[in-house]
Amino acid sequence: MNHTKKNKVNKTILERWQIDHARDLYGINKWSSGYFDISKKGEVVIHPTGKKGKKSVSLMDIISGIKDRGLGMPVLLRFGDILQSRIMRLHESFNHAIKEYGYQGIYRGVYPIKVNQQQQVVEEVTHFGSRYHHGLEAGSKAELIAAISLLKDPEACLICNGYKDEEFIDLGLYAKKMGFICCLVIEMPSELPLILERAKELDIKPMIGIRIKISTKAGGHWTESSGDKSIFGLNTTQLLSVVDQLRDANMLDCLQLLHYHLGSQIPNIRDIRLAITEAIRVYEGLVLEGASMKYLDLGGGLAVDYDGSHTNFTSSRNYSLDEYCADIIEVIMGTLDEKGIPHPTIITESGRATVAYYSVLLFNVLDASCFETYPIPSKLPEESHELMFKLMDVMQVLHIKNLQECYNDAIYYRDEIRQLFKHGSITLREKALCENIFWNVIQKIIKEVKKLKTIPQELEGIETSIADIYYGNFSVFQSVPDSWAIGHLFPIMPVHRLNETPTRNVILADITCDCDGKIDRFIDQYDVKNTLPLHDLKLDEEYYLGIFLVGAYQETLGDLHNLLGDTNIVSIKISKEGDFEFIKEIEGDSVEDVLSYVEYDTKDMIARFRNLAEQSIRNGLITPKERKKIMNAFRSGMRGYTYFER
Ligand SMILES: *Cc1c(COP(=O)(O)O)cnc(C)c1O
């Protein structure tokens, strides 16, 4: 490990490092929505209600509690208090807008189970949501079964989306019969005949909703469900055909809900307004057709400001929760009041905005590989190859006016010299010297580039080539799959030492050793950063980082990449006095667990290993006592955590 301080982050912030510098550098006050801040001691603290006050807990105190209990890193922390606060804010924002505009209907939130299906999460959503009659959205049979087992509130909505077979429909009908407001939302025309058939067979009157395609095409990563070509939802002709079939069956009164889903993480409020403007006209049309419309379900899309920029960038949003609610209410009233149509109950299926803030992934840094150059001799040995002299010349002529040219030349000569090495024309030591000169040139270019107002395209991001690499004890694929799959940005920062100047510019690598197992794009207020400023590692102290806002979508997409399994999970409750309790610990997967997921018979593996060891005794390679030690190591390896244990 190397502890030199060559990659100084920024001269101006070295003057006197203060907590406010750390706040700005990592943007914590911009993306934390009030739930996270930095203490005077330079540690990240949690404010469970999103408001500053006495009641805050340091993540380092939690880490120390985790260590005392013998749990290893990485750990996923869940803060029930934050979840409760999110649900409260959502309802209070809507209720505030409803009151302010004099809206005649009410708001009912539902939580889409797919966003984080873990039982504990869904259970807590229904528990904290009960005072607001917060319901659930199920997109599959399994999710409906989970929803029915957890939802108790007859005033909460249970929305059934997704493609529905006979069993799914029957379950939904039974839920309705048992007193739930359970709506079967038609996503495809073929579902209607089956619903009608099952309803007749079971003699249960269904509550029916229709999902429509919205022609508004919204921007963002996840918006393929909007626009004319979206996979789900009915077009206008299909919609009217459903209406006609229901009318023919004398069941038009069953049609009560209109649904659309524009996609997740809609960064631009304009798209949200356009969609609701279109949808409310369809709602009006259905009322005029004679359906007993009561509910308007706007789906998900309410975005999270992951980078704190408050813009229409994909990792952000250019609106607040209050603006979102106010715009929806205003558009609905603006249209319906013209025709004297009663205001519907508004449903949103806000998943991301409900659970993203709730979880934090903590991990330690195992090692670093730091960029380093060595001083180069003032003169090359006389017998050096002429290309070496040429490369050396680049160093000499380098000037702010010829950076690009020098960059191209340096790469050219380095590559030529590498060829010479391959042909045996230069020695290993000469090659090392060449590389060292090359990196000295690059470093000098980077220094000059920083002085330029506009950076030539080719030199953009050149500083990442000399970034340090920190190896984190986690798996990108398991814990932040969206970072790998779609380049989604999450706030990442150290959770301590924030009263010290960070002196290194870093790219994060995980322990999978997969070339995609890295993070080299970080949030920034105006753009995306290619490196993350971090502190030097100390030999005698662990360095802990947190990845924040990972409560939505990241847990259930995680696969078993490299057989790194689920991380340990700890749920934390914060008391009025600012103490905290570990209310639930879920141990992560052991090696044995993940092997059994991929169908290994672990007993059989031990038996085989025992035979192998026995054979080694017979061959005189090990003693019976050594066999015992080796067997114990194998067994405890099986029972161990799949991550790096110190
Ligand atoms: C995924 C999904 C949601 C959740 O969207 P968020 O943007 O996370 O709130 C809601 N409704 C449907 C139909 C979905 O597919």
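**Figure 1. Overall view of the predicted model.** The accessible surface of the protein comes to about 29700 Å², and carbon and sulfur atoms contribute 50% of that surface. The C-alpha trace spans about 100 × 75 × 55 Å along its principal axes. The fold contains 22 helices and 23 strands. Of the 646 residues in the protein, 54% are buried. Among contacts with a sequence separation of 6 or more, 75% are between residues 24 or more positions apart.

**Figure 2. Close-up of the ligand and the residues around it.** The ligand is surrounded by 17 residues, and the closest are Lys114, Ser264, Glu349, Gly351 and Tyr553. A side-chain N or O atom of Ser264 is 2.5 Å from an oxygen atom of the ligand. For Glu349, a side-chain N or O atom is 2.5 Å from a nitrogen atom of the ligand. Arg352 takes part through its backbone, with a polar atom 2.9 Å from a ligand oxygen. The protein covers 92% of the 390 Å² of accessible area that the ligand has on its own.

**Figure 3. Close-up of Tyr553, a residue with positive phi.** Tyr553, one of the closest residues to the ligand, is found in the loop between strand 21 (544–547) and helix 19 (554–557). Its phi is near 70°. Most residues other than glycine have a negative phi. Tyr553 counts as buried because its relative accessible area is 15%, under the 20% cut-off.

**Figure 4. Close-up of helix 10 (residues 236–248) and its packing.** The 13 residues of helix 10 should span 18 Å at 1.5 Å a residue, and the end C-alpha atoms are 18 Å apart, in agreement with that value. Leu239, Val242, Val243 and Leu246 are buried in this helix. Seen down the helix axis, the buried residues fall within an arc of 100°, so they line one face of helix 10. Thr237 and Asp248 are exposed on the other side. The buried residues pack against strand 8 (181–186), helix 9 (191–202), strand 9 (207–211), strand 10 (255–259) and helix 11 (269–289).

**Figure 5. Close-up of the two ends of helix 10.** At the N-terminal end, Asn235 acts as a cap, with a side-chain oxygen 3.2 Å from the backbone nitrogen of Thr237. Just after the helix, Asn250 has a positive phi of about 60°.

**Figure 6. Close-up of Asp203 in the loop between helix 9 and strand 9.** Asp203 has a positive phi, near 55°, and is not a glycine. Asp203 counts as exposed because its relative accessibility is 66%, over the 50% cut-off.

**Figure 7. Close-up of Ser359 and the cis peptide bond at Pro74.** Ser359 belongs to strand 13 (residues 359–369) and, at 0% relative accessibility, counts as buried. Beyond residues up to four places away in sequence, Ser359 touches Leu76, Leu77, Arg78, Ile547, Phe548, Leu549, Val550, Gly551 and Glu555. Pro74 lies in the loop between helix 4 (59–68) and strand 4 (75–79). The peptide bond from Met73 to Pro74 is cis, with omega near 0°, whereas most peptide bonds are trans.

**Figure 8. Close-up of Tyr374 in the loop between strand 13 and helix 14 (386–397).** Leaving aside neighbours within four places in sequence, Tyr374 contacts Asn436 and Asn440. The C-alpha atoms of Tyr374 and Lys401 are 26 Å apart in space, and these residues are 27 positions apart in sequence.

Methods. Residues numbered from 1 in each chain as written. Predicted model: local features only at pLDDT ≥ 70, side-chain atom pairs only at ≥ 80, totals over all residues. Heavy atoms only, no water. Helix = DSSP H or I, 4+ residues; strand = E, 2+ residues; numbered from the N terminus. Buried < 20%, exposed > 50% of the residue type's maximum accessible area, 1.4 Å probe, protein only. Contact = heavy atoms within 4.5 Å. Expected span 1.5 Å × (residues − 1). Arc of directions from axis to C-beta. Polar contact = N/O pair within 3.5 Å; in protein donor to acceptor, adjacent residues only side chain to side chain. Near = heavy atom within 4 Å. Areas by Shrake-Rupley, 256 points an atom, 1.4 Å probe, with all protein chains shown as cover.
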